[in-house]
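I set aside some time today to go through this fold piece by piece. Here are my notes, in the order I looked things up.

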Amino acid sequence: MLRVAVVGGGPSGSCAAEVLAKAGIETWLFERKLDNAKPCGGAIPLCMVREFDLPESIIDRKVNNMKMISPSNREVDIHLDNPEEYIGMCRREVFDAFLRNRAADLGTHLVNGLVQRIDTGSNRQGPYTLHYADYSGGGPTGELRTLEVDLIVGADGANSRVAKAMDAGDYNVAIAFQERIRLPPEEMAYYEDLAEMYVGTDVSPDFYAWVFPKYDHVAVGTGTMQKNQSLIKGLQKGIRLRASKRLLHGEVIKVEAHPIPEHPRPRRVVGRMALVGDAAGYVTKSSGEGIYFAAKSGRMCAEEIIASSGNGQRIPTEKDLKVYLKKWDKKYGATYKVLEILQNVFYSNDPAREAFVEMCDDKDVQRLTFDSYLYKRVVPINPWQTVKLTLLTLGAYLRGQAFAPSGYTPVPSAVRSEQEMDELLAADAAKALAAHGAASSQPGANQAMSRPLAASGEREPILAGKS
Ligand SMILES: Cc1cc2nc3c(=O)[nH]c(=O)nc-3n(C[C@H](O)[C@H](O)[C@H](O)COP(=O)(O)OP(=O)(O)OC[C@H]3O[C@@H](n4cnc5c(N)ncnc54)[C@H](O)[C@@H]3O)c2cc1C
């Protein structure tokens, strides 16, 4: 019987392991940290709930309102009219654990272990020996063990060790930075079923920034391509400033950063090692969406292993595994390309971003965008819609020049009047001044006041009205 090791217990690995175990294939799923909370916005499309048979209990919030906010703070509301339609917001620690445990219930050997090294045999053709630290005993360093298998699925994310072992080649990554912020009840109520997307050079030169509702807080973050990585903390300040009136009196409870692949790796199958999810490089441009594609690629790869091995009766070849790549590229190649073009066109400068937000006000554009996101299907458009969209794009593009701002200001509060806001900000400023006065009489005070953004895990109140 075929022996398969799946390295990485995120959505891609768990979905691969689930399918393999269901088919009776001897499957090991390695996850270094069983309570891992992957830094992530946690937004999943509606079709994923049905396709992957996800229980409602793992969805914290059902978002059916989306606000797009342009550099000049033009706000465009997108509402999903059908009450059955929503974007699911999940906590990754809950979501990942559910998928992992389901795979284990179906017969996967779930190993709480860090795969440290892989012997790949002559010419990387196997047999494959995994060297891993087994943490199941509870110790901090783990017990060193080995396991020999016939095939490896690399589902170990953007810093994949399987990719290194198989010499998959490098890919460019974007860097995403995110703060989890707990808000007062009034501010949190506004984000009950609403997510915000901000664009502007202040928040990202080539991507967008977001405020996404989570279980009892919001995730506020931004991303940018690798070449702009040094700007990331300044960009995070940009989104905190722009959304500052909506995040009033928020408390940062967690700070996290993680790479996001920008494109697939040069080699995704070598010998009998195949990459899936972020390890392969399956995050879309424009939206930065990766959870669905991770789960789907894990599933498709596993299905190909089952088919080519005759349900585990023989060992598939490299050529067999590459059929998974062919099917994947055929199904999603165009989606990745279109989203890459959209990102290059609409996220490149402020006039283009103004045009992008203006276009999102159009019902046809909204339906097109949401249908392709929620259901992962290409929506056919009729010739009249094509003409209309072309004219709309051109018009919006020209008008965008006029709307692009020379500076950036915070969007108004969504739950408080300007007067109340001014009073609260004045009170905060007075408090901050008094605290500064008290602190500056202490030795070393200046150092403390000039502290950079909180380090991972630290709590730091947002300075209200810092704009
Ligand atoms: C800040 C941020 C926000 C995002 N927001 C969204 C969003 O809202 N919606 C969306 O669809 N996508 C989002 N993404 C992308 C999404 O998080 C990824 O595409 C997705 O998690 C990929 O899943 P995966 O299973 O391939 O990899 P991962 O989720 O990275 O899982 C890899 C797993 O492997 C484990 N692992 C790694 N190395 C080893 C090893 N050597 N041994 C054992 N275990 C190992 C890790 O602990 C981890 O659990 C976001 C990404 C970031 C960084």
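**Helices α8 and α9**

I began with a helix pair: the axes of α8 (residues 291-308) and α9 (residues 318-346) come within 9 Å and cross at roughly 140 degrees. That angle makes α8 oblique to α9, because roughly antiparallel would need an angle over 145 degrees. I should say at once that I am reading a predicted model here.

Next I checked the hand, and α8 passes α9 in a right-handed crossing. Which residues meet there? On the α8 side I listed Ser297, Met300, Cys301, Glu304 and Ser308. Facing them from α9 are Asp320, Leu321, Val323, Tyr324, Lys327 and Trp328. Sorted by class, this contact of α8 with α9 has 6 nonpolar, 2 polar and 3 charged residues.

**Helices α1 and α8**

I then followed α8 to another partner, helix α1. The axes of α1 and α8 come within 7 Å, with a crossing at roughly 30 degrees. Angles under 35 degrees count as roughly parallel, so α1 and α8 earn that description. I noted a right-handed crossing for α1 passing α8.

From α1, the residues in this contact are Pro11, Ser12, Gly13, Cys15, Ala16, Val19 and Leu20. The α8 side of the contact includes Ile291, Ala294, Ala295, Gly298, Arg299 and Ile305. Ser297 and Cys301 of α8 turn up in this list, and I had already written both down for the contact with α9. By class, I have 12 nonpolar, 4 polar and 2 charged residues where α1 meets α8.

**The sheet under α1**

What does α1 lie across? I found helix α1 (residues 11-22) lying across β1, β2 and β11 (151-154), and running at about 165 degrees to β2.

These strands belong to an open sheet of 8 strands, ordered β10-β9-β8-β2-β1-β11-β18-β17, and its pairing is mixed. Its edge strands are β10 (143-149) and β17 (269-270), each of which pairs on one side only. Inside this sheet I picked out β1 (residues 3-7) and β2 (residues 26-31), which are parallel and share 5 bridges. As a marker for the register, I used Val6, whose bridge partner in β2 is Leu29.

**Around β5**

Moving on, I traced β5 (residues 65-69) and its pairings. With β13 (residues 194-198), strand β5 pairs in the parallel sense over 5 bridges. Two of the facing pairs went into my notes: Met68 is opposite Met197, and Ile69 is opposite Tyr198.

Strand β5 also pairs with β6 (residues 75-79), antiparallel this time and through 5 bridges. Here Ile69 has Glu75 as its bridge partner in β6. I looked at the hairpin of β5 and β6 too: there are 5 residues between the strands, and Asn73 takes a positive phi near 70 degrees.

Going one strand further, I saw that β13 pairs with β14 (residues 209-213) in the antiparallel sense, over 3 bridges. Met197, already noted opposite Met68, stands opposite Trp210 in β14.

**A sheet of three strands**

I also looked up the open sheet of 3 strands, in the order β3-β7-β4, where the pairing is antiparallel. Which strands are at its edges? They are β3 (43-44) and β4 (61-63), each pairing on one side only. Between β3 and β7 (residues 87-89) I found 2 bridges in an antiparallel run. One of the partners is Ala43, which bridges to Met89 in β7.

**Stepping back to the domains**

Last, I checked how the protein chain is divided. The domain assignment gives domain 1 as 3-42 + 91-171 + 265-334, and domain 2 as 61-89 + 172-262 + 349-419. Taken over C-alpha atoms, the centres of domain 1 and domain 2 are 32 Å apart.

How many residues take part in the contact between them? I noted 13 residues of domain 1 in contact with 22 residues of domain 2. The domain 1 side of this contact divides into 5 nonpolar, 6 polar and 2 charged residues.

Definitions and conventions: Residues numbered from 1 in each chain as written. Predicted model: local features only at pLDDT ≥ 70, side-chain atom pairs only at ≥ 80, totals over all residues. Domains from an automatic or database assignment. Contact = placed C-beta atoms within 7 Å. Nonpolar A, V, L, I, M, F, W, Y, C, P; charged D, E, K, R; others polar. Pairing = 2+ DSSP bridges. Helix = DSSP H or I, 4+ residues; strand = E, 2+ residues; numbered from the N terminus. Axes fitted to C-alpha atoms, helices over the stretch in contact; angles between N-to-C directions. Parallel < 35°, antiparallel > 145°, perpendicular 65-115°, else oblique. Left-handed = near helix turned anticlockwise from the far one by under 90°.
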